[in-house]
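Thanks, everyone. I have one model to go through this morning, so let me put it up and we can walk through the strands.

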Amino acid sequence: MGDPMKIRAAVHASVTEVKVLMQHPMETGFRKDDTGAAVPAWFITEVTAKHNDRVVMQAMFGTSISKNPYLAFRFKGGVPGDRVTLHWVDNHGDQRSDESIIV
Amino acid sequence: MDSQRRAALREGGVLAVLLAAGMLGPDTARAEWNRAAFDSKSVGETLSALGLGGAAASQAIALEVPEIAENGAVVPVKVSTELPRVDRIAVLVEKNPTMLSAVFTLPADTEASIVTRVKMAETCQVIVAVRSDGKVYTVSKQVKVTLGGCGG
């Protein structure tokens, strides 16, 4: 399941700006733990953002996106009260979906 | 007119079969994670694997990165451009073990404006490629990294 995302979506002059903070370790697979053992890669691979039911952004991530990924993007057509949904999938097949209302 | 209707019906039929077979989920539009692009070891190969080959350097893309990153684990990257009809933006870190950080696919009503944070193993170029109206443009900036973010 993963931990919840923080999502802020606000409309200014008919453009909705979405800011998302995801909770994920984003392990590269190159890091070693205290005992010297390699920590396996564990990272978000895909992110999809929807405005109501319309896809407004899709991303593929690699291991070099920072831990707890931050993302901001802007789309036209949102109005206050509309729903913005973010969904991610990681390389373990885990996934998480969270939503926020545009203000 | 009539042949269009027949074609639509035929496609509808195929879709229904695929849906019934469970081959298409609700997120059909979601692209498969592009392993080839993330495994590529050169800028050219990576961009080609993303359908962003033949890029030309452009001043029309604004790339905001810090000149010096004290912590390579968290380097903010802001990309924006007024270029028309941008449908894809890729962010690459030249000397990372995995060069490609992220690729964004943007539909028509989404602006060409993305902010994210990347890890950088060492001082190198951050490279951004943007596809606008079918043409690909790139811009790059050096970021000095005092403490690498990909080691252990």
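Start with β4 of chain A, which pairs with β6 of chain B, residues 100–105; the two run antiparallel and are joined by 4 bridges. As a landmark on β6(B), take V103(B), which stands opposite M60(A). I should say now that this is a predicted model.

What does each chain put into the contact? Chain A gives 30 residues and chain B gives 33 residues. On the chain A side, β3 (44–51), β4 (54–61) and β5 (70–76) each supply at least two of the residues that touch chain B. By type, that side of chain A splits into 15 nonpolar, 9 polar and 6 charged residues.

Now the open sheet. There are 6 strands, in the order β1(A)-β2(A)-β5(A)-β7(B)-β4(B)-β2(B), and the pairing is antiparallel. Which strands stand at the edges? They are β1 of chain A, residues 3–12, and β2 of chain B, residues 61–64; each has a single partner strand, so one side of each has no neighbour in the sheet. On average, neighbouring strands here are turned by 15° against each other, ignoring direction.

At the chain B end, β2(B) pairs with β4(B), residues 75–81, in the antiparallel sense over 4 bridges. Within that pairing, E64(B) has K78(B) in β4(B) as its bridge partner.

Last, confidence. The model scores ipTM 0.95 and pTM 0.85. Chain B averages a pLDDT of 86, with 76% of its residues at 70 or above. Residues 21–30 of chain B stay under 50, and for that stretch the model has 8 contacts beyond four places in sequence.

Key: Residues numbered from 1 in each chain as written. Chains lettered and ligands numbered in written order. Predicted model: local features only at pLDDT ≥ 70, side-chain atom pairs only at ≥ 80, totals over all residues. pLDDT = per-residue confidence, 0-100. Contact = placed C-beta atoms within 7 Å. Nonpolar A, V, L, I, M, F, W, Y, C, P; charged D, E, K, R; others polar. Pairing = 2+ DSSP bridges. Axes fitted to C-alpha atoms, helices over the stretch in contact; angles between N-to-C directions.
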